[in-house]
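Please examine the model displayed below. The paragraphs after it treat the interface between the chains, then a buried serine, and lastly the nonpolar cores.

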Amino acid sequence: MNTIIAELRKKHRLSQDELANAVGVTRQTITSIETGKYTASLVLAYKIARYFGMTIEEVFDFSGIEEEMK
Amino acid sequence: MTKADFRKKARNKLILYTVVAIITFALYICFEIVFRDMIDRHGTGGPSGGLIGIFCVSISQITKYAKVLKNEEAFKKLIIRENDEREKMITLKASEITLEIILVLLLIALFVSSVLNYTVFYTLLAATAVFVLIFGIVSSAVKKKY
């Protein structure tokens, strides 16, 4: 799943480690989410979106899932 | 899990591993010193090795939990490491694949042993049956939970 976490981090001048500590996961988890290797759980997705003051849909790209549902 | 819950869990683990370390050390002393002349070396070698292994693991866990309970930074890192959802998923996936590989290897060993040796065959058959039985029991217990 594509996300805009990397861009948001750059915009907020945050390292992966800082974001990981803020949402309670390891740095490797943030790396995997950013590269699309791992899909965050609903709770983690909510924490990340909330951290940036956005909604889950704004941070995570659900277009693939919407295509599947058609 | 809250920080307080995790701290309580860490304290309980520290106590548990301390008890395990004391028991294994006492048993090792019994095997090696008290019963040394009563049991032949071949008989005590296996249990003694196992006890040393359990003792070493307990000591490493005691060190880990004692350290994190004193150091707030290490405590936060341990919470993250032990609750990280990706790490949990990796463990689950690895366990699932390992389970399948073990079952396939057991079936191959069963086939080979049925031709070569019946004692080995029945031992492996019992091991496979216990394996499948435990899997069934655990699966139904987990299904009830979710």
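**The interface between chains A and B**

In this predicted model, chain B and chain A together bury about 750 Å², of which 55% lies on carbon and sulfur atoms. The size of an interface is often expressed in this way, as the accessible area lost when the parts come together. Three residues, Ile80(B), Glu85(B) and Arg86(B), account for 73% of the area that chain B buries against chain A, more than any other three residues. In terms of contacts, six residues of chain B meet eleven residues of chain A.

Which elements of chain B give two or more residues to the side that touches chain A? They are helix 3 (72–83) and helix 4 (85–116) of chain B. Helix 4 of chain B gives the most, with three residues. Sorted by class, this side of chain B has two nonpolar residues, four charged residues and no polar ones.

With regard to specific interactions, the rule finds zero salt bridges across the interface of chain B and chain A. Polar contacts, in contrast, are found there: five residue pairs are counted between chain B and chain A, with both residues of each pair at pLDDT 80 or more.

**A serine within chain B**

Attention now turns to a single position. Ser58(B) lies in helix 2 of chain B, which spans residues 41–70. Is Ser58(B) buried or exposed? Its relative accessibility is 2%, and buried means under 20%, so Ser58(B) counts as buried. When its neighbours within four places in sequence are left aside, Ser58(B) is in contact with Tyr17(B), Val20(B) and Ala21(B).

**The nonpolar cores**

The largest nonpolar core comprises 19 residues, and those with the most contacts inside it are Ile33(A), Ile48(A) and Phe60(A). At least two residues of this core come from each of helix 1 (5–11), helix 2 (16–23), helix 3 (27–34), helix 4 (42–51) and helix 5 (56–59) of chain A. The element that gives the most is helix 4 of chain A, with four residues.

Ile48(A) may be followed in detail. Apart from neighbours within four places in sequence, Ile48(A) is in contact with Ile5(A), Val23(A), Ile30(A), Ile33(A), Val59(A) and Phe60(A). Two of these partners, Ile33(A) and Phe60(A), are themselves named with Ile48(A) as having the most contacts inside the core.

A second core, separate from the one just described, has eight residues, among them Ala10(B), Val68(B), Leu78(B) and Ile79(B).

Technical notes. Residues are numbered from 1 along each chain as its sequence is written. Chains are lettered from A and ligands numbered from 1 in the order in which they are written. This is a predicted model: local features need pLDDT of at least 70, side-chain atom pairs count only at pLDDT 80 or more; totals for chains, interfaces and linings use all residues. Side-chain values use heavy atoms; hydrogens and water are left out. Contact means heavy atoms within 4.5 Å. Buried area is the accessible area (1.4 Å probe) that two parts lose on being put together, summed over both. A salt bridge is a side-chain nitrogen of Lys or Arg within 4 Å of a carboxyl oxygen of Asp or Glu. A polar contact is a pair of N or O atoms within 3.5 Å; within protein, one must be able to donate a hydrogen and the other to accept it, and residues adjacent in sequence count only if both atoms are side-chain atoms. Ala, Val, Leu, Ile, Met, Phe, Trp, Tyr, Cys and Pro count as nonpolar, Asp, Glu, Lys and Arg as charged, and the others, Gly among them, as polar. Buried means under 20% relative accessible area, exposed over 50%, partly exposed in between (1.4 Å probe, protein chains only). A nonpolar core is a set of buried Ala, Val, Leu, Ile, Met, Phe, Trp, Tyr and Cys residues joined through side-chain atoms within 4.5 Å.
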